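Hello,

Here is the structure you were waiting for, with my notes on it below. Have a look at it first, then read on.

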Amino acid sequence: MLNASYWLTNVRLEQGYVKEDGQVAGTKTGLFHIRIEDGSVAEVIGMETETELRSHLPKYDCNALLLLPSFEEAHIHLDKTYLDAPWKAVKPVSSIFERIEEEKVLLPKLLPMAKQQAESILTLIQRFGATHVRSHCNIEPVSGLRRLEATKQALDTFSGKISSEIVAFPQHGLLRSDSVQLVKQSLAEGVTHVGGVDPYTVDGDIEKSLQTMVELAVLHHAGIDLHLHDGNEAGKQTLTRLADLTEEAGLQGKVTVSHAFWFASAPKQEAEELASRMAALGMSIASTVPIGRTTMPLPMLHKQGVKVKLATDSLTDHWSPFGNGDQLEKAGRFAELYGYNDERSLSQSLGFITGGITPLNSEGEQVWPKAGDAASFVLVHASCSAEAVARRAERRAVWYQGRLVSGSV
């Protein structure tokens, strides 16, 4: 446990890009001392300065390791996982409705372990560098609010170690499973976002499903985070109508679409136009960087101004056996999939897992850390951000608001 005020000494920070023949060829770094005060960065000084040596504050040597902004887990299900349980691959099903029926039987069996398993996930993702998590939590008649209670208890265990948001997720359909009242109750109990799933395929009524979500969000001053797997006309209609309602309800900056698979097969011009509209409304997309049959045009979405955030989603559960909770691995997959293999693009891809924070901006100007920034960061075995992403660098220690929450120095 570190004091409220202390120095991190011998810290490697990025200072700018190195250019050769007019192109970015590397990253210049230097060694610095950083003073932490009450959860924030108070001072950053070069190692050639001797001022800190006369300080009475405790000093912790970071051994010239690289400091990066801590990570954000934009979409995960803390409340249902096989973690801490015997290995089990998924059962083959032919539709989402078969999976939902399987889940109805499975959820009560998983409930007794829900709090412990959620805590195990939080420990895991924090070790990998996450200090913020948005968890989707099942709210439906089978579970009632019991899974929410387990999730909140697990997050309480991590109070002061991680910030969090909770999405009320009617996995079995907001309308289809008649979960509106339960979602309303959950919003009165600390849930921050209204969730939903495939208004066309699952709820069978795009307009009523979206209107209900928006009404709940406005009434409770909450955000929205919709699971949308639907493609083709249904997917486009859902996204377009959600954009309309976001504007009408004044929910700019508060709406996320998770997955948004319509973009994966949409005509280029249509996709760009809708992305531009979403960007103007401050709408975000959370993506697992799917590979295989569904490849999302994430670089295009980012270029159009949409806030793209990478995420884990399932962490070894009955929906998917994959997902390891490592956001840096996810950024590396993103870079590999989309050909972000040069120094600049690799280093800038870090922003997809940090809420947009990168040590250098795209022009190579040093923008982080600065005095006043939250002291939430991760110490890694890498020479620069680009190497950290490409090689999924080992993490030595993680801080949240000045508090060492994982690892050691």
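Let me start with a term: two strands count as paired here if DSSP finds at least two bridges between them. Helices (H or I, at least four residues) and strands (E, at least two) are DSSP runs, numbered from the N terminus. Please keep in mind that this is a predicted model, in which local features need pLDDT of at least 70, side-chain atom pairs count only at pLDDT 80 or more, and totals for chains, interfaces and linings use all residues. Residues are numbered from 1 along each chain as its sequence is written, and side-chain values use heavy atoms, with hydrogens and water left out.

**The sheet**

Eight strands make up an open sheet with parallel pairing, in the order β6-β7-β8-β9-β10-β11-β12-β13. At its edges stand β6 (71–76) and β13 (307–310); each has a single partner strand, so one side of each is left without a neighbour in the sheet. From one strand to the next, the twist averages 20° (axes are lines fitted to C-alpha atoms, for helices over the stretch in contact, and angles run from 0 to 180 degrees between N-to-C directions).

Two of the pairings are easy to look up. Strand β7 (residues 130–138) runs parallel to β8 (residues 163–169), and seven bridges join them; H132 has S163 in β8 as its bridge partner. Strand β12 (residues 284–287) is joined to β13 by four bridges, also in the parallel sense, with S287 standing opposite L310 in β13. Together, β12, helix α9 (residues 298–303) and β13 make a right-handed β-α-β unit. Right-handed means that, with the strands pointing away from the viewer, the path from the first strand over the helix to the second runs clockwise. The edge strand β13 has V308 and L310 on a covered face, and K307 and K309 on an uncovered one.

**The cores**

A nonpolar core is a set of buried Ala, Val, Leu, Ile, Met, Phe, Trp, Tyr and Cys residues joined through side-chain atoms within 4.5 Å. Buried means under 20% relative accessible area, exposed over 50%, and partly exposed in between (1.4 Å probe, protein chains only). The largest such core has 88 residues, and L122, V194, F263, M278, L298 and L301 touch the most other members. Helix α5 (residues 206–219) gives the most to this core, six residues. Leaving aside residues up to four places away in sequence, L122 touches L78, V133, A154, L155, F158 and I162 (contact means heavy atoms within 4.5 Å). A second, separate core has 19 residues, including I36, V41, C62 and A375.

**The salt bridges**

There are 20 salt bridges in the structure, each a side-chain nitrogen of Lys or Arg within 4 Å of a carboxyl oxygen of Asp or Glu. Where do R99 and E102 lie? Both are in helix α1 (residues 96–110), three residues apart, about one turn of the helix. Their closest N and O atoms are 2.8 Å apart. R99 is buried at 8% relative accessibility, and E102 is buried at 17%.

E336 and R392 also form a salt bridge, with the closest N and O atoms 2.8 Å apart. E336 lies in helix α10 (residues 327–337) and R392 in the loop between α12 (385–391) and β15 (395–400), so the pair ties together parts that are 56 residues apart in sequence. E336 is exposed at 59%, whereas R392 is partly exposed at 23%. Finally, salt bridges that share partners join E207, R241, D244, E247, E248 and R277 into one network.

Best wishes
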